[in-house]
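Open the model in a viewer and keep the sequence panel visible. The stops below go from the contact between chains to single helices.

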Amino acid sequence: MAVTVHIKEHPALFDRFDVLWTPTVLILDANGIERARNEGYLPNLEFRAQLEMGLARIAFMHKQWAEAERRYTEVAERYPHTSAGPEAIYWKGVSRYKATNDHSALGEAANELKEKYEGSVWTLKASIWLH
Amino acid sequence: MAVKWNKDVDAALAEAKAHNKPLLIDFSAAPA
């Protein structure tokens with residue numbers, strides 16, 4: 001489901017959702033809780049990747065670890081050359097760790113990031129898992 | 001898959017809750 005809100009038609013909704021810039025796209029879960037926010041234009045592929053990251057985030061925040069891992073894996077495989085690629089690998093590892101309590105899931109993610117995305121902030125964030 | 005765009009945020013929030021579905025809200029200032 002999707003809603004479009006134009007600033008000239010519904011300026012109060014911009015205040016209600018703390019939107020200060022356009023375009024802004026919010027992804028809310030079924031309870032109306034904001035789970036992802038994208039501010040500014042993105043090309044089609046990046047935008048699609050971010051939307052799918054938002055759906056993965058909903059699963060993650062609902063502690064649906066297997067579903068979150070599946071969605072993050074899909075993003076990592078479908079959009080490896082977008083900014084979502086390394087982030088998806090990071091959260092894929094976290095989702096698996098949350099599901100299994102197995103630290104090796106984090107190490108595997110860190111190694112994958114080091115191999116594929118040297119220089120990414122997500123690789124830096126995961127680097128602690130290699131020690 | 002085609003996206004069905006709504007213009008009523010509160011109706012969409014209610015529908016999302018009723019169907020246990022996520023909701024995307026696009027805030028725009030683009031000329032119509």
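**Stop 1: the strand pair between chains**

Select strand β2 (residues 24–28) of chain A together with β2(B): the two run antiparallel and are joined by five bridges. Strands here are DSSP E runs of at least two residues, helices are H or I runs of at least four, and both are numbered from the N terminus. Two strands count as paired if DSSP finds at least two bridges between them. Within this pair, A:Val25 stands opposite B:Asp26.

The model is predicted: local features need pLDDT of at least 70 and side-chain atom pairs count only at pLDDT 80 or more, while totals for chains, interfaces and linings use all residues. Residues are numbered from 1 along each chain as its sequence is written, and chains are lettered from A and ligands numbered from 1 in the order in which they are written.

**Stop 2: the rest of the contact**

Widen the selection to the whole contact, which takes 24 residues from chain A and 21 residues from chain B. Contact means that the C-beta atoms of two residues, placed from the backbone, lie within 7 Å. On the side of chain B that touches chain A, β1 (5–6), α1 (9–19) and β2 (23–28) of chain B each supply at least two residues. Colour that side by residue class to find twelve nonpolar, three polar and six charged residues. Nonpolar covers Ala, Val, Leu, Ile, Met, Phe, Trp, Tyr, Cys and Pro; charged covers Asp, Glu, Lys and Arg; the others, Gly among them, are polar.

**Stop 3: chain A as a whole**

Show chain A alone as a cartoon. Six helices and three strands appear, in the order β-α-β-β-α-α-α-α-α along the sequence. Along the principal axes, its C-alpha atoms fill a box of roughly 50 × 30 × 25 Å. Of the 131 residues in chain A, 37% are buried. A residue is buried with 20 or more other C-beta atoms within 10 Å of its own, exposed with 12 or fewer, and partly exposed in between, the C-beta atoms being placed from the backbone.

**Stop 4: helix α2 of chain A**

Select residues 44–61 of chain A, the 18 residues of α2, and place a distance between the end C-alpha atoms: 26 Å, close to the 26 Å expected at 1.5 Å a residue. The expected span is 1.5 Å times one less than the number of residues. Its buried residues include A:Met53, A:Ala56 and A:Phe60. Their cover includes β2, β3 (34–39), α3 (65–78) and α4 (84–100) of chain A. Just past the helix, A:Lys63 has a positive phi of about 60 degrees.

**Stop 5: helix α5 of chain A**

Which residues of α5(A) are buried? They are A:Ala105, A:Ala109, A:Ala110 and A:Leu113. Look down the axis: these residues line one face of the helix because they fall within an arc of 135 degrees, the arc being that of the directions from the helix axis to the C-beta atoms. The face turned away from the buried side of α5(A) carries the exposed residues A:Ser104 and A:Glu115. Cover for the buried residues of α5(A) includes α4 and α6 (121–126) of chain A.

Finish on A:Ala105, which counts as buried because it has 20 C-beta neighbours inside 10 Å. Leaving out residues up to four places away in sequence, A:Ala105 touches A:Gly93, A:Arg96, A:Tyr97 and A:Thr100. The C-alpha atoms of A:Ala105 and A:Gly93 are 5.4 Å apart, with the two residues twelve apart along the chain.
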